[in-house]
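Open the model in your viewer and keep the selection box handy. We'll go stop by stop, picking residues and looking at what sits around them.

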Amino acid sequence: MKDILVAQRYSKAIMSDLKENEINSILADVELMSRSIQKEPKLVDFVNSYLYPIDKRLEIALELTRKLENSKLWENLFSILIKKHRFNIISVILKDLENKIFSEKKQIKVKLVVAHELPKDVLDSISNKLKEILEKDVVLNINIEPEILGGFVATTDSLLIDGSIKNNLVKLLKVKSKKKK
Amino acid sequence: MKIQPDEISSILRDKIKGLKFDIDISETGKVVQVGDGIARIYGMDNVMAGEMIEFPGGVMGMALNLEEDNVGCIIFGETRKIKEGDIAKRTKNILQVPVGDAMLGRVVNALGEPLDGKGEIKTEAYMPVERKALGVVERQPVKEPLQTGLKAIDSMIPIGRGQRELIIGDRQTGKTAIAVDTILNQKETDVICIYVAIGQKKSSVAKMVNTLEANGAMEYTIVVVASAAESASLQYLSPYSGCTMGEFFRDNGKHALIIYDDLSKHAVSYRELSLLLRRPPGREAYPGDVFYLHSRLLERASKLNDELGGGSLTALPIIETQADDLTAYIPTNVISITDGQIFLSNRLFHSGIRPAINAGLSVSRVGGSAQLKSMKSVTGQLRVALAQYAELEAFSKFGSDLDKATQAQLTRGRRLIEILKQSQYSPLSVAKQTFIIFMANEGYLDEVEIDNVLKVEEELYSTLDSEYKEFMEGMIKDKLNDETKEAMQKICEKVLAKF
Ligand SMILES: Nc1ncnc2c1ncn2[C@@H]1O[C@H](COP(=O)(O)OP(=O)(O)OP(=O)(O)O)[C@@H](O)[C@H]1O
Ligand SMILES: [Mg+2]
């Protein structure tokens with residue numbers, strides 16, 4: 001809980017200093033970093049640990065920033081986080097930053113779950129429907145889960161849009177048992 | 001009739017064809033903390049206070065704390081099924097419970113789900129558990145009596161339909177016994193009873209339900225149970241659920257009686273929830289709104305005006321005290337909300353005076369106007385005699401010589417105390433109550449030895465039952481006039497002649 005609030009402060013600070021033309025490159029950095037942290041979760045623990053000397057940790061963190069486009073910005077962020085012993089919330093910061101950038105671009109990231117691979121035109125129509133509901137451009141991240149039987153389930157951070165066959169059948173059951181009462 | 005498989009599949013096919021698939025849009029949040037029957041949710045910016053929240057696996061919760069960065073929510077159901085990171089959904093509904101005639105005779109939990117193994121409850125109607133109490137214009141003063149069948153209460157602390165009368169006393173002083181007797185006494189009346197057991201042992205509740213069943217009282221009773229084994233959230237909710245079930249009858253022009261046994265435990269469960277939700281603790285660690293907790297509940301008991309059907313909901317909340325202390329936080333709160341209290345004293349209970357009602361500390365602030373006129377004609381004298389006796393009794397302990405008049409008052413007082421005793425599960429009709437009090441008031445019992453008073457009382461009742469049925473019916477219709485009194489005196493003499 002507290003982590004989220006703190007992370008929001010950091011991401012807000014980064015955003016406020018951002019220029020229009022930097023947005024896309026920052027987004028690319030954020031995505032790259034999120035992926036590498038996901039792959040190596042131990043890394044965060046290491047960098048945030050008091051067990052190792054601080055200059056060693058700083059060195060490794062700076063190594064990480066080398067490959068990024070805006071390396072100066074990340075360098076600064078990482079060294080502040082390490083000195084304040086806050087590197088553990090880096091993934092929360094990245095997530096929040098990503099959300100902020102998307103909303104800046106009037107876009108929204110949507111996780112779309114479908115039962116099986118769909119042809120392009122169907123996906124387009126789903127995407128249009130979502131655009132209509134959310135009133136923003138949607139960026140889809142498609143997952144396949146056969147359990148939902150058919151239709152789709154779309155989730156954003158604050159909304160669940162459930163048009164799956166599974167949900168409709170469950171609702172049907174509920175109505176049936178209410179009627180029986 | 002036999003249905004062909006073909007037919008079935010064609011029916012099914014049509015049904016499926018006709019199905020309209022729709023898209024549900026719900027606002028969600030993420031569970032960031034869960035445990036002790038409480039969950040904290042991040043997100044869900046537009047949630048309303050008191051709104052139902054759905055967790056994965058169909059577990060329901062209710063939003064209580066709307067904070068800047070999270071929503072604190074109590075969970076009705078298994079906390080174990082919810083994990084950190086789960087998605088919680090808004091339902092945009094306030095919690096509802098089933099209401100209606102089908103609930104009668106059933107034992108249900110705080111959500112209105114059956115606990116008695118008698119199958120589904122077939123009711124269509126649902127009503128929200130938290131409803132606003134009625135306004136001033138919708139009500140009227142109490143005017144019909146609610147007979148408890150207990151001599152000490154119906155005579156000195158009369159209760160009217162729509163009144164809120166507190167039953168207060170230490171543990172094991174017969175609080176529940178009064179409530180149960182009151183339910184039993186509604187058998188021949190049109191009053192529907194709701195008994196809400198909060199934080200009690202399951203064995204006590206089972207015993208009570210058995211008693212009600214054995215006396216044929218379950219037919220007009222609903223029992224709502226949130227036992228000590230249930231979570232604090234269900235215990236917190238149960239009186240509101242019971243009240244909603246009672247309001248249904250009131251709003252349909254009927255009369256209902258609800259018993260909250262007991263509100264001390266209810267306050268404790270609310271304190272638990274509040275502390276877990278990190279609301280600031282106040283006096284005795286109760287949160288600041290513990291007064292509102294009970295006032296909004298008890299305000300819902302009322303007598304409707306005639307345009308609205310004249311129905312009523314009478315409430316008998318129960319409060320347990322420690323060492324007869326009426327000045328503790330919760331007792332003083334509830335005393336100030338209710339229209340009077342029946343105070344049960346530990347000392348009286350152990351000296352064999354049962355029900356152990358302390359007449360001096362018990363009052364009914366509004367019930368007097370609902371008391372039957374016949375009863376009223378005998379209670380004035382009863383009160384005065386008892387008050388005098390209470391004073392003289394302390395005095396007489398010094399053992400000094402007492403004059404004749406004082407001795408007479410003491411004899412009378414002892415007889416009155418004796419006739420106000422009453423055993424459990426034996427509620428009496430108003431006529432019998434009036435009669436026995438009349439008999440003592442007129443001094444017929446002064447000559448009878450204390451140990452024999454009970455026998456005379458029983459003889460009187462059996463005589464009345466066998467020979468004077470019609471007379472009794474007429475007797476309670478109006479004030480006791482000279483003619484009636486004369487007839488009653490004759491009966492008294494007749495009964496006494498047998499001893
Ligand atoms: N009028 C009565 N005559 C004889 N016994 C009684 C009477 N009223 C109550 N008792 C007995 O006293 C005991 C306590 O009664 P009861 O359970 O009603 O008290 P309580 O105040 O509700 O107790 P608790 O605090 O445990 O809820 C019971 O065993 C009951 O049978
Ligand atoms: Mg009790």
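Start by selecting A:Lys131, which is partly exposed at a relative accessible area of 39% (partly exposed falls between buried, under 20% relative accessible area, and exposed, over 50%, with a 1.4 Å probe and protein chains only). Now add A:Asp137: the two side chains meet in a salt bridge, 3.5 Å from N to O (a side-chain nitrogen of Lys or Arg within 4 Å of a carboxyl oxygen of Asp or Glu). A:Asp137 is partly exposed too, with a relative accessible area of 36%.

A word on ground rules: this is a predicted model, where local features need pLDDT of at least 70 and side-chain atom pairs count only at pLDDT 80 or more, while totals for chains, interfaces and linings use all residues. Residues are numbered from 1 along each chain as its sequence is written, chains are lettered from A and ligands numbered from 1 in the order in which they are written, and side-chain values use heavy atoms, with hydrogens and water left out.

Next, the interface. How many residues of chain B are in contact with chain A? Select them and you should have 22 residues of chain B, in contact with 24 residues of chain A (contact means heavy atoms within 4.5 Å). Chain B and chain A bury about 2000 Å² between them, 58% of it on carbon and sulfur atoms (buried area is the accessible area, 1.4 Å probe, that two parts lose on being put together, summed over both). The rule finds two salt bridges across this interface. Zoom in on A:Lys171 and B:Asp24, which form a salt bridge with their closest N and O atoms 3.0 Å apart. Then colour strand 1 (residues 24-35) of chain B: this strand gives six residues, the largest share of the side of chain B that touches chain A (strands are DSSP runs of E, at least two residues, and helices are runs of H or I, at least four, numbered from the N terminus).

Hide chain A and look at chain B by itself. The chain has 15 helices and 16 strands, and 53% of its 499 residues count as buried. Its C-alpha atoms fill a box of roughly 90 × 65 × 45 Å along the principal axes.

Go to B:Arg131 and B:Glu247, whose side chains meet in a salt bridge at 3.0 Å, N to O. This pair links distant parts of the chain, 116 residues apart: B:Arg131 is in the loop between strand 9 (126-128) and helix 2 (151-156), B:Glu247 in helix 5. B:Arg131 is partly exposed at 28%, whereas B:Glu247 counts as buried at 1%. Extend the selection to B:Arg250, B:Asp251 and B:Arg300, and you have a network of salt bridges that includes B:Arg131 and B:Glu247.

Another pair to pick is B:Lys303 and B:Glu144, in a salt bridge at 2.9 Å, N to O. B:Lys303 lies in the loop between helix 7 and strand 14 and B:Glu144 in the loop between strand 9 and helix 2, so the pair ties together parts 159 residues apart in sequence. Is B:Lys303 buried or exposed? At 3% relative accessibility, B:Lys303 counts as buried.

Now select helix 7 (residues 290-298) of chain B. Seven of its nine residues are buried, among them B:Leu293, B:His294 and B:Arg296. Show the surroundings: what covers those buried residues includes helix 5 (232-251), strand 13 (255-261) and helix 6 (263-276) of chain B.

Two cis peptide bonds come next. One joins B:Asp261 and B:Asp262, with omega about -5°, and B:Asp262 lies in the loop between strand 13 and helix 6. Another joins B:Arg354 and B:Pro355, also with omega about -5°. Stay on B:Arg354: this residue lies over the face of B:Phe349, 4.1 Å from the ring centre (NZ of Lys or CZ of Arg within 6 Å of the ring centre and within 35 degrees of the ring normal).

Last, check the backbone at B:Met44 and B:Arg278. Phi of B:Met44 is near 60°, a positive value in a residue other than glycine, and B:Met44 counts as buried at 2%. Phi of B:Arg278 is likewise near 60°, but B:Arg278 is exposed, at 61%.
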